[in-house]
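Please open the model in your viewer and keep the selection panel at hand, since each stop on this tour begins with something to select and continues with what can be found there.

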Amino acid sequence: MNLIDKIFNAGIAGCGGAGFPTHVKYKAQVEHFIINAAECEPLLRTDRYVMCNFAREIISACEIIRDHLGAKDCIIALKSAYKEEIASLEVAILSLGSKVRLHTMDSFYPAGDEQVIVHEVTGRVVPAAGIPLDVGCVVSNVATVLAVNDALNDKPFTHKFLTMTGEVGEPTVLHVPLGTSFSDCLEKAGGANIDDCFVICGGPMMGKPLTKEEAAKTVVTKTTSGYIILPRESRLPSVHTTPIQHTINRAKSACIQCTYCTQLCPRHMLGHPIEPHKIMRKLACGSIESLAQDPEAVNALLCCECGVCELFACPMQLLPRKVNTLVKAELAKNGVRYPKSDKEYLPDQNREYRKIPSKRAANRAGTGKYYDYKIKTCKEFTPDTVCIPLKQHIGVPAEAVVKAGDKVSCGQLIGACPEGKLGANIHSSVDGIVKSVSDVVVINIK
Ligand code: SF4
Ligand code: SF4
């Protein structure tokens with residue numbers, strides 16, 4: 001069986017957040033294979049834990065993937081501050097006689113943005129609305145590479161490493177079966193230190209905001225990188241719970257057109273024509289709907305929603321990212337896409353000076369007090385029940401191949417990717433009995 005078949009069978013979707021099926025991504029032939037090990041969200045420790053503890057597995061999978069992609073090199077891009085991770089990878093590279101290279105970067109946000117990392121490593125700029133493949137690169141998250149190593153050993157993607165931090169009893173990295181509930185994860189991290197808490201699924205800059213009640217309904221999926229527990233009165237809950245009309249009214253009335261949001265926008269700094277201050281200016285004279293008719297509004301489609309403009313740049317505490325997402329949704333409704341071209345993009349000459357230190361990003365997001373901590377161990381556990389969604393990836397949902405009452409074992413296929421469609425297989429993450437099947441397969445552990 002070749003690498004693509006093994007990855008397809010194992011059901012691997014990118015662990016970095018988007019969940020793009022890896023067997024599709026690796027169908028390319030490229031010049032550079034880049035591993036995103038920046039873990040740029042300030043509070044997460046998952047990728048760092050993986051690099052410290054599975055360096056040999058990562059390097060050996062890197063070699064195989066690089067050869068499969070026909071790439072002339074494989075570069076792991078990470079921060080120079082990751083001393084232990086670098087040492088661990090260097091030992092593995094040496095002992096395996098590997099040609100994998102490390103590329104170190106400063107601790108800035110968003111070092112792990114796919115387009116930023118391509119530029120940092122190769123000096124190339126991915127065209128506006130393009131992908132790394134356009135400049136001869138494939139980028140994979142380091143945890144995805146570890147999952148590929150498992151796939152090479154015929155082990156499906158059934159478990160996930162994730163960070164639990166913020167106001168928890170003990171910040172920790174967990175290794176749990178897919179489908180484990182947030183509540184079980186929280187309990188293993190020592191519970192919440194506060195009653196009135198708010199949850200971010202992912203990192204503070206780009207994570208998904210959830211109330212305690214919403215979080216209680218979530219489970220760990222292939223793209224879950226962590227949960228952050230925050231006091232309700234901290235900055236992020238207020239940013240995320242601001243009503244849309246209030247966001248628009250404030251944008252119309254309080255934007256002073258200082259242009260900081262544009263000057264610090266990482267995609268603008270790469271030379272892409274995204275200028276959030278102009279979107280804010282135009283909004284002052286109309287509505288989201290009328291703005292979407294403006295020829296310049298199409299540039300909002302270039303926003304990667306990194307959050308720099310609203311959590312770091314804006315002195316008026318306005319929400320240009322949220323406005324961009326509203327404009328993007330309106331444009332999508334109208335069927336508008338960004339007109340990709342062969343134009344060459346040049347980074348701004350001030351880009352180096354406008355990189356945002358990670359710790360300052362964490363501070364401005366109101367999460368600075370949780371920034372400095374070390375993870376030494378990982379907690380593993382198996383809950384009594386798992387609820388495994390049949391869609392944990394980009395594309396169509398997997399189709400269930402089990403029914404209530406079936407006995408299943410860990411690693412057994414329970415959802416198959418429909419033939420010829422973009423998607424990924426789903427496997428049972430435990431030994432147990434299927435309790436119910438809908439868009440989620442619920443399995444009780446034996
Ligand atoms: S969220 Fe703001 S800073 Fe980030 S890409 Fe979008 S416009 Fe630029
Ligand atoms: S940073 Fe804030 S105030 Fe300044 S132009 Fe952007 S949205 Fe307006």
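The tour goes from the domains to the cores, then to the strands, the ligands and a few single residues.

**Domains**

Bear in mind from the outset that this is a predicted model. Begin by colouring the four domains separately: domain 1 covers 3-152, domain 2 is made of 158-234 + 371-382, domain 3 covers 241-364 and domain 4 covers 384-446. If you then place a centre on domain 3 and another on domain 4, using C-alpha atoms, the two centres are separated by 39 Å.

**Nonpolar cores**

Next, select Ile-34, Met-105, Tyr-109, Ile-117, Val-118 and Val-308, which are the residues with the most contacts inside the largest nonpolar core, a set of 49 residues. A second core, separate from that one, has 47 residues, and Ile-35, Ala-37, Ile-76 and Ile-86 are among them. As background to this stop, nonpolar side chains tend to be buried together in soluble globular proteins.

Now centre the view on Ile-117: which residues is it in contact with, once its neighbours within four places in sequence are left aside? The contacts of Ile-117 are Ile-34, Asn-36, Ala-38, Ala-77, Met-105, Ala-111, Gly-112 and Val-139.

From there, move to Val-138, which has its place in strand S5 (residues 137-141). Val-138 counts as buried because its relative accessibility is 4%, below the 20% cut-off. Although Val-138 and Val-30 are 108 residues apart in sequence, their C-alpha atoms are 6.8 Å apart in space. Beyond its neighbours within four places in sequence, Val-138 is in contact with a set of residues including Lys-25, Tyr-26, Ala-28, Val-30, His-32 and Phe-33.

**Strand S6 and its partners**

Select strand S6 (residues 159-166), where seven of the eight residues are buried, so that the strand is largely enclosed by the rest of the structure. Add strand S7 (residues 172-177), which pairs with S6 in the antiparallel sense over six bridges; S6 and S7 form a hairpin with five residues between them. Within this pair, His-159 has Pro-177 of S7 as its bridge partner.

Then add strand S10 (residues 226-231), which runs parallel to S6 and is joined to it by four bridges. Here the bridge partner of Thr-165 is Ile-228 in S10. Thr-165 itself lies in strand S6 and is buried, with a relative accessible area of 1%. Not counting residues up to four places away in sequence, Thr-165 touches Leu-43, Pro-171, Tyr-227, Ile-228, Ile-229 and Tyr-373.

**A three-stranded sheet**

Go on to the open sheet of three strands in the order S14-S16-S17, with antiparallel pairing. Its edge strands are S14 (399-400) and S17 (426-427), each of which pairs on one side only. Strand S16 (residues 413-416) is joined to S17 by two bridges, and His-427 in S17 is the bridge partner of Leu-413.

**The two ligands**

Select ligand 1 and display the 13 residues around it, of which Cys-265, Cys-303, Cys-306, Cys-309 and Asn-324 come nearest. Helix H16 (308-313) and helix H17 (320-333) are the elements that give two or more residues to this shell. By class, the shell around ligand 1 has nine nonpolar, two polar and two charged residues.

Turning to ligand 2, select its surrounding residues, among them Cys-255, Cys-258, Cys-261, His-277 and Cys-314. Which classes make up the shell around ligand 2? Its residues divide into nine nonpolar, three polar and no charged.

**Two last residues**

Select Val-336, in the loop between H17 and strand S11 (356-357). With a relative accessible area of 32%, Val-336 is partly exposed. Val-336 touches Val-298, Leu-301 and Leu-331, not counting residues up to four places away in sequence; for Val-336 and Leu-301, 35 residues apart in sequence, the C-alpha to C-alpha separation is 9.2 Å.

Finish at His-119, whose place is in helix H6 (residues 114-122). Is His-119 buried or exposed? His-119 is buried, with a relative accessible area of 12%, and, leaving out residues up to four places away in sequence, His-119 touches Arg-124, Val-125, Leu-270, Pro-347 and Arg-351.

Methods:
Residues numbered from 1 in each chain as written. Chains lettered and ligands numbered in written order. Predicted model: local features only at pLDDT ≥ 70, side-chain atom pairs only at ≥ 80, totals over all residues. Heavy atoms only, no water. Domains from an automatic or database assignment. Core = buried A, V, L, I, M, F, W, Y, C linked by side-chain atoms within 4.5 Å. Buried < 20%, exposed > 50% of the residue type's maximum accessible area, 1.4 Å probe, protein only. Contact = heavy atoms within 4.5 Å. Near = heavy atom within 4 Å. Nonpolar A, V, L, I, M, F, W, Y, C, P; charged D, E, K, R; others polar. Pairing = 2+ DSSP bridges.
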